[in-house]
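Biologist: I'd like to talk through this model with you before I look at it on my own. Could you put it up and take me through it?

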Amino acid sequence: MFAALTGAGLSAAAGLNAYIPFLLVALLARFTDVANLPAGFEWVESTWAIVIGAVLLIGEVVVDKIPALDSVNDALGTVVRPASGAVVFAATAAAADLDSSAWMTDHPWVGLIGGAIVAGIFHTGKAAARPVANAGTAGFAAPVLSTAEDAAAVTLSLAAVFAPVLALVLLLLVAWMLWRAWRSVVRMRERRADRRRAAGVV
C-alpha cells in the first residue's frame with residue numbers, strides 16, 4: 001500500500017517537473033538509508049545520473065518560466081515526464097523494504113506503466129493550462145505558475161517518501177486544482193468560439 005502511494009506521489013510530481021522527484025530519490029538512495037533501490041535501478045543513484053539530472057533540472061526551472069519557451073518545454077515533457085514518472089514509481093514501489101511487497105518486487109513493469117500513466121495525466125493538465133494562462137495574462141502567468149508547480153513537485157516528492165498518506169491527500173488536491181484549471185481552459189475556449197460565431201453572424 002505505502003509503496004504504491006509513494007510511487008504515485010513521485011510520479012505525479014514528475015508530471016509537474018521531471019527532475020525533482022528523480023533527484024530526490026537518487027540523492028536519498030546515494031547518501032541515506034531512506035531509499036534502497038531494487039536490482040536494475042542502481043544507475044539512478046550513480047554520479048552521472050545525479051549530475052545530468054541536476055543540470056536538466058536547472059534548465060527546466062529556468063526555461064519553464066519564460067513565456068513561449070515553457071510551451072516548448074512542455075512539448076518535450078510529453079515524453080520526458082512520463083518516462084521519469086515510470087522510473088521513480090518502479091524504483092520505489094519495487095523496493096521491498098518500503099512495505100515488504102514481494103509482488104511489486106517481482107513485477108516492476110507494473111510500476112513502470114503506472115508511473116508513466118500518473119505522470120502523463122498530471123503533465124497533460126499542466127501543458128494544457130499553461131498556453132491559455134499565458135495568452136490571458138500576456139505571459140505574466142508563466143513564472144508564477146512554474147514556481148507554484150515546482151513547489152508542488154517538491155512538496156509531493158517529500159510527502160511521497162516521508163508521509164505517503166499525506167502524499168495521497170496532496171495528490172488529490174493537486175489533481176483537483178489541475179481539473180479546475182482544465183475546466184477554466186475549456187470554458188475560455190468555448191467563450192472565444194461563441195464570440196467568433198457571433199462576430200461571423202454580425
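Modeller: Let me fix one term before anything else: a contact here means heavy atoms within 4.5 Å. This is a predicted model, in which local features need pLDDT of at least 70 and side-chain atom pairs count only at pLDDT 80 or more, while totals for chains, interfaces and linings use all residues. Residues are numbered from 1 along each chain as its sequence is written, and side-chain values use heavy atoms, with hydrogens and water left out.

Biologist: OK, and among contacts between residues at least 6 apart in sequence, what share joins residues at least 24 apart?

Modeller: In the protein chain that share is 71%.

Biologist: How many helices and strands are there?

Modeller: The protein chain has eight helices and zero strands, and from the N terminus on the order reads α-α-α-α-α-α-α-α. Helices (H or I, at least four residues) and strands (E, at least two) are DSSP runs, numbered from the N terminus.

Biologist: What percentage counts as buried?

Modeller: Of the 202 residues, 46% count as buried, where buried means under 20% relative accessible area, exposed means over 50%, and partly exposed lies in between (1.4 Å probe, protein chains only).

Biologist: Switching to the surface, which residues form the nonpolar patch?

Modeller: The nonpolar patch is made up of Ile58, Val62, Ile66, Leu69, Val72 and Leu76, which together have about 540 Å² of accessible area. Helix 3 and helix 4 (69–93) are the elements that give two or more residues to this patch, and helix 4 gives the most, with three. Such areas come from the Shrake-Rupley method with a 1.4 Å probe, and for residues only the protein chains shown count as cover. Patch members have over 30% relative accessible area and no salt bridge (a side-chain nitrogen of Lys or Arg within 4 Å of a carboxyl oxygen of Asp or Glu), and nonpolar side chains (Val, Leu, Ile, Met, Phe, Trp, Tyr) are joined within 5 Å, like charges within 9 Å.

Biologist: Where is Val62, then?

Modeller: Val62 sits in helix 3 and is partly exposed, its relative accessible area being 48%.

Biologist: And Val55, buried or exposed?

Modeller: Val55, which lies in helix 3 (residues 47–63), is exposed, at a relative accessible area of 55%. Its C-alpha atom is 9.4 Å from that of Tyr19, although the two residues are 36 apart along the chain.

Biologist: Last one: where is Arg191?

Modeller: Arg191 belongs to helix 8 (residues 164–201), and with a relative accessible area of 43% Arg191 is partly exposed.
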